[in-house]
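I opened the notebook today to look up where the empty space lies, what surrounds the ligand, and a few loop residues. Pull up a chair and follow along.

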Amino acid sequence: MNRRKFVALAGGGVILAAGTGGFLVTRTPDKALQPWQDAGSVYSDPRKKALSYAILAPNPHNRQPWLIDLSKVGQATIYVDTDRLLPHTDPYSRQITIGLGCFLELMRMAAGHDGFRVDMDLFPQGQDSEALDRRPIAIATFVKDSTVKPDPLFKHVLARRSLKEPYDMERAVSSEVLSKLQAVTGDGVVSGSSNDRAVVQSLRALTRDAMIVEIETHRTYKESVDLFRIGKSEVEANPDGIDFSGPMFETMHLTGLFSREAALDRTSSSFSQGREIVLKSIDATMAHFWLGTPGNSRNDQINAGRDWLRVNLAATSLGLGIQPLSQALQEYPEMATHYEEIHRMVAPEGGTVQMLARLGYGASIPQSPRWPLSAKIMKEQV
Ligand SMILES: Cc1cc2nc3c(=O)[nH]c(=O)nc-3n(C[C@H](O)[C@H](O)[C@H](O)COP(=O)(O)O)c2cc1C
């Protein structure tokens with residue numbers, strides 16, 4: 001959501017007044033941001049050290065669906081928390097699996113930085129392409145290895161964001177920058193990008209229309225609204241989902257201008273203005289980027305996630321904003337036409353488009369909330 005526009009829509013006086021002085025300072029959800037401070041610094045166990053970075057991975061709707069078993073010496077077994085799936089917008093948990101791929105890649109990078117190689121056994125008890133279940137996603141074995149090379153992208157981890165603001169429409173994204181992003185992908189994942197005016201215009205239109213479908217479809221829109229965390233106390237109680245923290249949203253919440261109920265009420269100004277803000281960001285895009293895989297197995301999705309993390313970090317290293325726009329890639333009936341259209345446009349040779357994103361230069365924003373690592377560890381060595 002865009003701060004400046006929200007101020008305008010809500011009647012500047014009240015909101016701007018609330019944004020000054022001590023209120024601003026005290027409404028930052030410090031506890032929910034603490035995992036960004038703790039990463040790498042408070043743990044001596046190399047697995048926990050690496051995992052303290054992995055929990056900062058990008059993931060759909062910031063559900064943070066990972067669970068970790070540390071009961072075996074030198075190993076971390078990663079599970080998905082099946083209570084944190086997105087059944088309406090992600091019916092086969094394809095996107096959740098991509099987020100787990102981001103997590104595993106960040107864990108691997110962090111371990112490498114600490115002199116450990118991670119041997120990864122993916123889906124050791126098998127996989128189901130329709131649903132994720134309680135079988136492990138990966139068994140990661142940590143091995144001290146002096147030959148392991150630190151990954152140069154790792155130093156951008158704490159600065160990485162998904163930048164959801166409108167981008168600077170005067171500042172082009174060069175083809176050279178796009179090539180640099182594409183260069184960090186591999187492992188059976190195919191990347192593509194465009195800054196061509198006509199292509200970008202078509203993709204803006206398609207991603208906008210797909211967003212409208214998601215918003216107009218009650219159950220998919222409600223899945224997002226149910227995950228709105230409005231104001232410091234909600235964000236700190238549940239440091240996940242879609243975060244609306246900061247004094248402006250807090251004041252709007254307190255004065256009844258913004259709530260989950262209002263966001264769901266199609267006759268309210270919260271609904272129409274919120275919709276407008278999201279669509280404006282989609283329009284304020286200078287280039288697009290996508291990742292695809294020839295097949296669509298769980299391993300393909302994990303590999304797409306590993307590459308997505310790398311692309312996101314590479315964008316950070318270039319000072320470039322990047323935001324996934326997943327709506328057109330979602331597999332529910334109302335989205336079928338847009339799903340076919342995006343595949344026709346960017347994957348005419350076949351395969352599955354796993355990630356689609358907008359690019360541009362934009363404002364700097366704070367980190368997004370995280371559950372602490374301790375909340376994600378199911379079992380430890382005794
Ligand atoms: C598979 C996947 C799909 C995503 N889809 C969207 C999306 O459609 N729209 C969006 O704004 N962000 C999307 N995101 C970004 C997440 O919302 C973001 O990673 C999460 O909120 C945490 O924020 P951070 O990346 O700034 O740490 C997606 C991320 C992943 C990994």
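Before sorting any lining by class, I fixed my terms: Ala, Val, Leu, Ile, Met, Phe, Trp, Tyr, Cys and Pro count as nonpolar, Asp, Glu, Lys and Arg as charged, and the others, Gly among them, as polar. I also noted that this is a predicted model.

**Entry 1: cavities**

I began with enclosed space. Rolling a probe the size of a water molecule over the atoms shows where empty space is left. How many cavities of 30 Å³ or more are there? I got 2.

The largest cavity has a volume of about 70 Å³. I wrote down its lining as V80, F123, G126, Q127, D128, A131, L132, D133, R135, P136, I137 and R298. Sorted by class, that lining holds 6 nonpolar, 2 polar and 4 charged residues. Among the lining residues are the charged D128, D133, R135 and R298.

The second largest cavity comes to about 40 Å³. Around it I found P35, D38, A39, Y43, S52, I55, P372 and L373. Its classes are 6 nonpolar, 1 polar and 1 charged. The charged residue here is D38 and the polar one is S52.

**Entry 2: the ligand**

Next I turned to the ligand. Which residues are closest to it? I listed R160, S162, K164, Q323 and S326, out of 19 residues that surround the ligand.

Then I looked up distances to side chains. An oxygen atom of the ligand sits 2.6 Å from an N or O atom in the side chain of S162. For S326, the side chain has an N or O atom 2.7 Å from a nitrogen atom of the ligand. The side chain of Q327 has an N or O atom 3.4 Å from an oxygen atom of the ligand.

How much of the ligand does the protein bury? Taken alone, the ligand exposes 620 Å², and the protein buries 91% of that. I also asked which elements give two or more residues to the shell around the ligand, and found helix 6 (94-113) and strand 9 (321-324). By class, the shell has 6 nonpolar, 9 polar and 4 charged residues.

**Entry 3: the second largest pocket**

I moved on to a pocket. The second largest pocket has a volume of about 240 Å³. It is lined by 15 residues, and the closest to its centre are A159, R161, L163, L320 and A363. Helix 14 (298-317) and strand 9 are the elements that each give two or more residues to this lining. Which of the elements gives the most? I noted helix 14, with 3 residues. Strand 9 thus turns up twice in my notes, in the ligand shell and in the lining of this pocket. The pocket lining divides into 7 nonpolar, 6 polar and 2 charged residues.

**Entry 4: loop residues with positive phi**

Now for the backbone. Most residues other than glycine have a negative phi. With that in mind I flagged N62, which has a positive phi of about 45° although it is not a glycine. I flagged Q64 as well, with a positive phi of about 50°, and again not a glycine.

Where do they lie? N62 is in the loop between helix 5 (46-54) and strand 1 (66-70), and Q64 is found in the loop between helix 5 and strand 1 too. Is N62 buried or exposed? I have it as buried, because its relative accessible area is 9% and the cut-off is under 20%. Q64 counts as buried at 0% relative accessibility.

**Entry 5: D151**

I placed D151 in the loop between strand 4 (138-144) and helix 7 (175-183). D151 is buried, with a relative accessible area of 15%. What does its side chain reach? One partner is the backbone nitrogen of L153, at 3.0 Å. Another is the side chain of R310, through a polar contact of 2.9 Å.

**Entry 6: helix 11**

Last, I checked helix 11 (residues 247-254). Why do I call it largely enclosed by the rest of the structure? Because 6 of its 8 residues are buried. I noted these as P247, M248, F249, E250, T251 and M252. After helix 11 comes G256, whose phi is positive, near 80°.

Technical notes
Residues are numbered from 1 along each chain as its sequence is written. Side-chain values use heavy atoms; hydrogens and water are left out. Buried means under 20% relative accessible area, exposed over 50%, partly exposed in between (1.4 Å probe, protein chains only). Helices (H or I, at least four residues) and strands (E, at least two) are DSSP runs, numbered from the N terminus. On a 1 Å grid over the protein atoms alone, a cavity is a set of points where a 1.4 Å probe fits but cannot get out, and a pocket is an open set with protein on both sides within 12 Å along at least five of seven lines; lining residues have an atom within 4 Å of a point. Grid points are joined across faces, edges and corners, and a volume is the space filled by probe spheres set on the points. A residue is near a molecule or strand if one of its heavy atoms lies within 4 Å of it. A polar contact is a pair of N or O atoms within 3.5 Å; within protein, one must be able to donate a hydrogen and the other to accept it, and residues adjacent in sequence count only if both atoms are side-chain atoms. Accessible areas come from the Shrake-Rupley method with a 1.4 Å probe; for residues, only the protein chains shown count as cover.
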